[in-house]
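I opened this notebook to record what I looked up in one structure, entry by entry. The entries run from the whole chain to single residues.

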Amino acid sequence: MTDPIEPSTSTSDPIPSRSPTTLLHPRREPFEHGLLPIQKLIFTDPVQALTPLKQKHASSSTHRVDSVALADALQISADHARLVLDTLASVLHSESDPLVTARSDDVDSVGADLRDLILFLYIQSYKRLLPRSHKDSAAVADVWPSTSAFDGYLSALSPLQLVRSNSRRFMPSQADEEAHQLSYLQKHLANILSLLSEPVEGEGEESLVLTMEGFEHLGFLIQFGDKGSEGVPLSQAAPFFANSDPDMPAVPVPAAQVHDWLLQNIASSLEHVTEKISAKENGPPSGCDQDVAMADASPSSVKASPSARGPCFIEGVSKSSYVKQASDLKNSSVKVINCHDSVIYILAPLRYATIYGCSDATIVLGAVGKAVRVEHCERVHVIITAKRVCIANCRECVFFLGVNQRPLIVGDNHKLQVAPYNTFYSQLEEHMTEVGIESTINRWDAPLALGVIDPHDSLSHPAGVSDAQAESATRLDPDQFTNFLIPNWFEGESTGSTKDNPFPLPDTYLTSQQRNQKNLGEIKQILREAPLEENRKRELSCALHVYFKDWLYASGNIRQLYCLQGD
């Protein structure tokens with residue numbers, strides 16, 4: 001690895017202690033939604049690998065790298081180069097960046113800012129935090145059938161393991177993950193700064209300086225305060241740029257000075273989050289995860305809780321229905337965890353969403369403008385409108401999609417099906433417009449499968465095992481396609497204008513749907529006109545009810561009736 005930047009020998013005022021509201025935090029989005037299991041993006045020495053890319057494009061007038069140049073520099077396919085740009089756009093910290101605002105047809109030519117691209121590619125070496133081991137390993141061992149050669153070491157936690165443990169205490173908490181990310185940044189900060197810095201003219205590589213613009217790009221990885229740094233330049237938190245004259249270019253700062261200042265802030269944040277983890281671990285075992293404020297899952301417990309800075313958690317819903325509207329959510333991100341035999345409705349505009357460890361459930365997400373990740377789920381129907389979706393380590397799931405980008409499929413998947421979007425609610429189009437989803441583009445039927453082994457997860461990446469392409473998804477048989485009806489619980493409050501599915505159905509699905517509706521109408525007519533005596537009509541009615549009940553259970557649609565029961 002490149003030698004770290006030497007600490008500055010200059011004296012400066014000590015950094016005042018910060019309150020928790022102004023602590024440095026890692027941005028979760030790049031680590032949660034920005035990692036791609038593409039082996040050519042995993043660098044043993046990121047500085048050595050990325051320096052040529054920096055040198056080649058730093059002199060360009062725009063400092064941007066388009067799709068063709070990216071594919072050439074990294075020796076990856078055009079599809080993978082486009083995937084890098086789309087993924088980077090979904091986790092960028094700047095909403096005004098041209099890559100974020102570009103139309104789908106223009107993304108390849110607009111390209112990425114060189115400094116954002118370098119940071120994005122650098123963190124592809126990040127390893128996710130492993131889940132904590134279960135105190136009763138026998139209780140969670142061998143709960144999935146071994147249908148794959150990879151099953152012995154893939155999938156850190158299967159849905160059934162989550163059912164057995166029935167507690168988030170055995171998964172990494174938000175605080176654990178934040179500490180892990182801070183430690184990663186602490187270790188790699190010198191190299192990251194060297195890639196963002198520039199040498200002083202005539203003084204060589206030893207005297208690197210960082211411009212205010214270059215410093216701002218660190219906002220891709222870090223932020224200050226509980227509400228992040230949206231709308232507030234990161235440089236305003238730094239003493240060396242905070243009072244710069246907006247009409248004058250700020251004087252570049254020695255990279256070593258920036259390095260020292262950030263290291264002190266990271267150390268302060270690590271101390272704060274470690275104290276939080278320690279307090280949680282030393283507390284009573286029945287206590288809830290304080291950084292998520294979520295009690296152990298049970299049908300009677302509170303099922304959703306926002307943390308101060310992170311996403312809203314919906315967890316442990318079982319054999320019931322659960323509804324969240326936009327007015328119920330203060331957060332722009334949601335995590336649905338460990339929900340079973342239920343129907344979950346999140347009818348709101350969101351930036352990010354994660355569905356993890358759920359089984360035998362139907363989950364409806366409103367409009368997700370950045371990214372959705374569905375992981376370790378089994379026999380789940382997922383109905384979403386989103387800019388992009390990543391599916392990892394799932395089994396026997398059906399995805400009804402309205403997505404502007406190709407669905408990404410990674411990991412150890414089995415018997416996945418994809419289908420066009422099949423529902424609506426009154427404010428759907430308003431929410432789609434708010435987060436930037438286009439109803440004229442739906443890539444539901446063009447999944448992109450990457451590798452089975454995730455290089456960011458050491459459990460699924462044992463030494464000496466070669467990778468294979470993930471099992472992709474098949475299209476749902478049009479004859480099996482049905483519309484999903486979202487109950488209108490709040491009819492008096494509804495102000496939306498959406499009256500139908502905003503995504504046009506492909507002809508084969510539309511034809512099948514019309515044929516089924518016609519057949520149903522003809523059967524109804526035959527039954528109405530059948531010359532049966534009253535007792536025979538009752539027998540027929542009973543028989544139909546029995547067959548309907550059997551179908552409800554066989555198809556899994558029985559859980560939709562939870563909506564009628566109330567919680």
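What follows is a set of short entries on a predicted model.

**Entry 1. The chain as a whole**

I began with the secondary structure and found 16 helices and 20 strands in the protein chain. I then looked up burial: of the 567 residues, 51% are buried. For the surface I noted an exposed area of about 27,000 Å², of which carbon and sulfur atoms supply 52%. I also looked up how far apart in sequence the contacting residues lie. Among contacts with a separation of 6 or more, 60% are between residues 24 or more positions apart.

**Entry 2. A pair of packed helices**

I turned next to helix α4 (residues 78–91) and helix α7 (residues 114–122). At what angle do α4 and α7 pack? The angle is about 100 degrees, and the axes are 11 Å apart. I therefore recorded α4 as roughly perpendicular to α7, since angles of 65 to 115 degrees count as such. I then listed the residues that meet between the two helices. From α4 these are V84, T87, L88 and V91; from α7 they are D116, L117 and F120.

**Entry 3. Salt bridges**

I searched the whole structure for salt bridges and obtained 20. I followed three pairs in detail.

The pair I took up at the start was E32 with K335, whose closest N and O atoms are 3.1 Å apart. E32 lies in helix α1 (residues 28–33) and K335 in strand β11 (residues 333–337), so this bridge ties together parts that are 303 residues apart in sequence. Are E32 and K335 buried or exposed? E32 is buried at a relative accessible area of 18%, and K335 is buried at 10%. The cut-off for buried is under 20%, so the value of 18% for E32 falls within it.

I then looked up E438 and R103, whose side chains meet in a salt bridge at 3.6 Å, N to O. I placed E438 in the loop between α13 (428–435) and β19 (448–449), and R103 in the loop between α5 (98–101) and α6 (107–110). Because of these positions, the pair ties together parts that are 335 residues apart in sequence. E438 counts as partly exposed, with 23% relative accessibility, whereas R103 is exposed at 51%. Exposed requires over 50%, so R103 passes that limit with its 51%.

My third pair was D412 with R395, with the closest N and O atoms 3.5 Å apart. D412 is in the loop between β17 (408–410) and β18 (417–420), and R395 is in the loop between β15 (389–392) and β16 (398–403). The two residues are 17 residues apart. I noted that D412 is buried, with a relative accessible area of 4%, and that R395 is buried as well, with 6%.

I closed this entry with a network: R82, D86 and D108 are joined by salt bridges that share partners.

**Entry 4. Positive phi values**

I checked for residues other than glycine with a positive phi and wrote down two. H63 has a phi near 60 degrees. Where is H63 placed? H63 sits in the loop between α2 (46–57) and β2 (64–65), and at 24% relative accessibility H63 counts as partly exposed.

The other residue I recorded is N338, with a phi of about 55 degrees. N338 lies in the loop between β11 and β12 (343–356). The relative accessible area of N338 is 5%, so I entered N338 as buried.

**Entry 5. Two leucines**

I looked up L23 and found it in the segment before β1 (24–26). L23 is buried, with a relative accessible area of 4%. I compared its position with that of L270: the two are 247 residues apart in sequence, yet their C-alpha atoms are 9.6 Å apart in space.

I then looked up L544, placed in helix α15 (residues 534–555). Which residues make a nonpolar surface patch with L544? I523 and L527 do, and the patch covers about 260 Å². L544 is partly exposed, with a relative accessible area of 43%. Membership of a patch requires over 30%, so L544 meets that condition with its 43%.

Terms used. Residues are numbered from 1 along each chain as its sequence is written. This is a predicted model: local features need pLDDT of at least 70, side-chain atom pairs count only at pLDDT 80 or more; totals for chains, interfaces and linings use all residues. Side-chain values use heavy atoms; hydrogens and water are left out. Helices (H or I, at least four residues) and strands (E, at least two) are DSSP runs, numbered from the N terminus. Buried means under 20% relative accessible area, exposed over 50%, partly exposed in between (1.4 Å probe, protein chains only). Patches are made of residues with over 30% relative accessible area and no salt bridge: like charges are joined within 9 Å, nonpolar side chains (Val, Leu, Ile, Met, Phe, Trp, Tyr) within 5 Å. Accessible areas come from the Shrake-Rupley method with a 1.4 Å probe; for residues, only the protein chains shown count as cover. A salt bridge is a side-chain nitrogen of Lys or Arg within 4 Å of a carboxyl oxygen of Asp or Glu. Axes are lines fitted to C-alpha atoms, for helices over the stretch in contact, and angles run from 0 to 180 degrees between N-to-C directions. Angles under 35 degrees count as roughly parallel, over 145 as roughly antiparallel, 65 to 115 as roughly perpendicular and the rest as oblique. Contact means heavy atoms within 4.5 Å.
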